[in-house]
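Please open the structure in your viewer and keep the selection panel at hand. The tour below goes from stop to stop, saying what to select and what is to be found there.

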Amino acid sequence: MHNSNHGDRYSAIISSDFTVSVHDTLFSGQTFRWEMYRSHYPYYVSVIHGSPIIIKSMDTLGLSIYSDRDELGGLPLSKWAEYYLSLDINERVIMEPVFRFLHRDIALLVQDFYGLKVLRQDPFETAVTFMCAQGIGMPIIRRQIGEICRVFGDPVSFTFEGTRHTNYAFPSPERIASAHSEDLRICTNNNCRRAVNVRKMAEAVASGELDFRKLASPDRSLDSIRDELCRNDGIGPKIADCIALFGLGRFDAFPIDTHVRQYLLEWFGLKRAAMPLTVNNYMELQREIRSVINPEIAGYAGHLLFHCWRRRVKGLNTA
DNA sequence: TGCCAGGTGTACT
DNA sequence: AGTACACATGGC
């Protein structure tokens with residue numbers, strides 16, 4: 001820990017044996033709250049645990065993290081960053097030798113995205129985010145989350161390279177639970193039912209009826225987590241699996257969306273992926289892909305494939 | 001213009 | 001158990 005020159009007291013250097021692609025990580029679509037500031041090096045800024053967090057990407061040197069607190073989420077700043085960015089997972093070895101042998105062309109494509117990390121994000125934020133991600137494109141999803149933070153989140157000001165900035169924290173479950181549906185609807189792409197669903201889910205979290213800490217228990221089965229989450233209106237199997245993967249640190253969860261479905265058909269030849277995505281087909285597709293990808297990190301590998309498919313095959317650059 | 005976008009709930013058969 | 005459709009809007 002030492003003083004930084006960004007108006008923030010604490011900083012931590014995260015050294016790593018391998019390069020972490022901060023840009024791909026924060027803008028791969030799994031998180032929607034990081035802003036990129038350009039200077040000599042790229043900086044990525046968000047507000048987490050009520051504190052501005054600045055990540056400086058240093059390419060081969062590793063990462064540096066700045067915050068005005070010396071600990072976040074009960075962890076020292078550097079430990080929090082290692083956890084949040086899942087630096088304990090080496091994505092270079094999740095594609096097993098058998099996979100690289102059987103799917104050589106895909107493994108080569110995915111190699112370009114080593115450094116992409118699956119974040120361990122806050123489960124409530126993750127739940128709201130993916131409830132706002134039904135059948136619409138990334139730009140609208142990102143806008144919704146930004147609006148929810150701007151309208152309901154606490155402003156946090158900080159100085160960055162001599163300029164004053166204001167970002168917004170993600171609002172608490174209590175704050176969203178007490179929101180008027182009409183105010184929330186303006187944030188949720190004008191979708192009234194989505195606003196009601198998000199508010200009801202926030203109420204369940206605020207009342208303790210929906211307890212993410214219980215769900216995060218490692219001995220819970222993926223099926224029981226999915227079933228519990230699906231009791232909330234607006235959360236189906238796909239969003240439940242997204243919450244498990246990105247919000248509960250369950251890297252074995254394998255959400256199947258429109259992009260995943262496409263590469264399951266095109267890359268792995270799963271005929272069922274061409275059929276309508278009923279609950280039965282959804283579960284059966286998960287079973288089939290787990291015979292191809294190591295089930296313990298199927299979701300982590302799936303996110304690499306997801307990102308690779310969007311960027312390399314679909315030519316999408318939108319976060 | 002028409003189709004696709006990180007799906008889900010409801011109302012049918 | 002499977003199918004059709006509404007939901008809302010931006011991007012290509």
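Which helix gives the largest share of the surface near DNA strand B? That share, four residues, comes from helix 12. Keep in mind throughout that this is a predicted model.

**Stop 1: DNA strand B**

Select DNA strand B together with its surroundings, and you will have 29 residues around the strand, with Gly29, Asp257, His259, Gln262 and Arg310 as the closest. These surroundings are of mixed character, for the residues of the surface near DNA strand B divide into 10 nonpolar, 13 polar and six charged. If you turn to the strand itself, 61% of its atoms within 4 Å of the protein belong to sugar or phosphate, and the rest belong to bases.

Now look at individual contacts with the phosphates of this strand. The side chain of glutamine 262 has an N or O atom 2.7 Å from a phosphate oxygen of DNA strand B, while glycine 234 places a backbone N or O atom 3.0 Å from a phosphate oxygen of the strand. For proline 237, the distance from a backbone N or O atom to a phosphate oxygen of DNA strand B is 3.5 Å. To see which elements give two or more residues to this surface, colour helix 12 (237–247), helix 13 (258–266) and helix 15 (298–313).

While you are here, select asparagine 232, in the loop between helix 11 (222–230) and helix 12. Asparagine 232 counts as buried because its relative accessibility is 13%, and a polar atom of its side chain lies 3.0 Å from the backbone oxygen of leucine 229.

**Stop 2: DNA strand C**

Move on to DNA strand C, where the residues around the strand include Gly135, Ile136, Arg143, Asn190, Cys192 and Thr278. Sugar and phosphate make up 75% of the atoms of DNA strand C that come within 4 Å of the protein. The residues of this surface divide into four nonpolar, six polar and two charged.

What does glycine 135 meet on DNA strand C? A polar backbone atom of glycine 135 is 3.2 Å from a base nitrogen of the strand. Two further contacts involve phosphate oxygens of DNA strand C: a polar side-chain atom of asparagine 190 lies 2.9 Å from one, and a polar backbone atom of cysteine 192 is 2.7 Å from one. The elements that give two or more residues to the surface near this strand are helix 6 (138–152) and helix 9 (192–207).

Asparagine 189 is also among the residues around DNA strand C, and can be found in the loop between helix 8 (181–187) and helix 9. Its phi is near 55°, a positive value in a residue other than glycine, and asparagine 189 is partly exposed, with a relative accessible area of 29%.

**Stop 3: salt bridges**

The structure holds 18 salt bridges, and three of them make a good selection to view in turn.

Begin with arginine 33 and glutamate 125, whose side chains meet at 2.9 Å, N to O. Arginine 33 lies in the loop between helix 1 and strand 2 (35–38) and glutamate 125 in helix 5 (residues 123–131), so that the pair links distant parts of the chain, 92 residues apart. Both of these residues are buried.Next, select aspartate 88 and arginine 120, which meet in a salt bridge at 2.3 Å, N to O. Aspartate 88 is in the loop between helix 2 (77–84) and helix 3, and arginine 120 is in the loop between helix 4 (104–111) and helix 5. Aspartate 88 is exposed, with a relative accessible area of 53%, whereas arginine 120 is buried, with a relative accessible area of 14%.

Finally, select glutamate 91 and lysine 117, where the salt bridge is 2.7 Å, N to O. Because glutamate 91 lies in the loop between helix 2 and helix 3 and lysine 117 in the loop between helix 4 and helix 5, the pair ties together parts that are 26 residues apart in sequence. Are these partners buried or exposed? Glutamate 91 counts as buried at 0% relative accessibility, and lysine 117 is buried with a relative accessible area of 0%. Add Arg92 to the selection, and you have a network of Glu91, Arg92 and Lys117 joined by salt bridges that share partners.

**Stop 4: the outer surface**

To end, select Val98, Phe101 and Leu102, which make a nonpolar surface patch of about 380 Å². Leucine 102 belongs to helix 3 (residues 97–102), and counts as exposed because its relative accessibility is 57%.

Technical notes: Residues numbered from 1 in each chain as written. Chains lettered and ligands numbered in written order. Predicted model: local features only at pLDDT ≥ 70, side-chain atom pairs only at ≥ 80, totals over all residues. Heavy atoms only, no water. Near = heavy atom within 4 Å. Polar contact = N/O pair within 3.5 Å; in protein donor to acceptor, adjacent residues only side chain to side chain. Nonpolar A, V, L, I, M, F, W, Y, C, P; charged D, E, K, R; others polar. Patch = residues over 30% accessible without salt bridge, like charges linked within 9 Å, V, L, I, M, F, W, Y side chains within 5 Å. Areas by Shrake-Rupley, 256 points an atom, 1.4 Å probe, with all protein chains shown as cover. Salt bridge = Lys/Arg side-chain N within 4 Å of Asp/Glu carboxyl O. Buried < 20%, exposed > 50% of the residue type's maximum accessible area, 1.4 Å probe, protein only.
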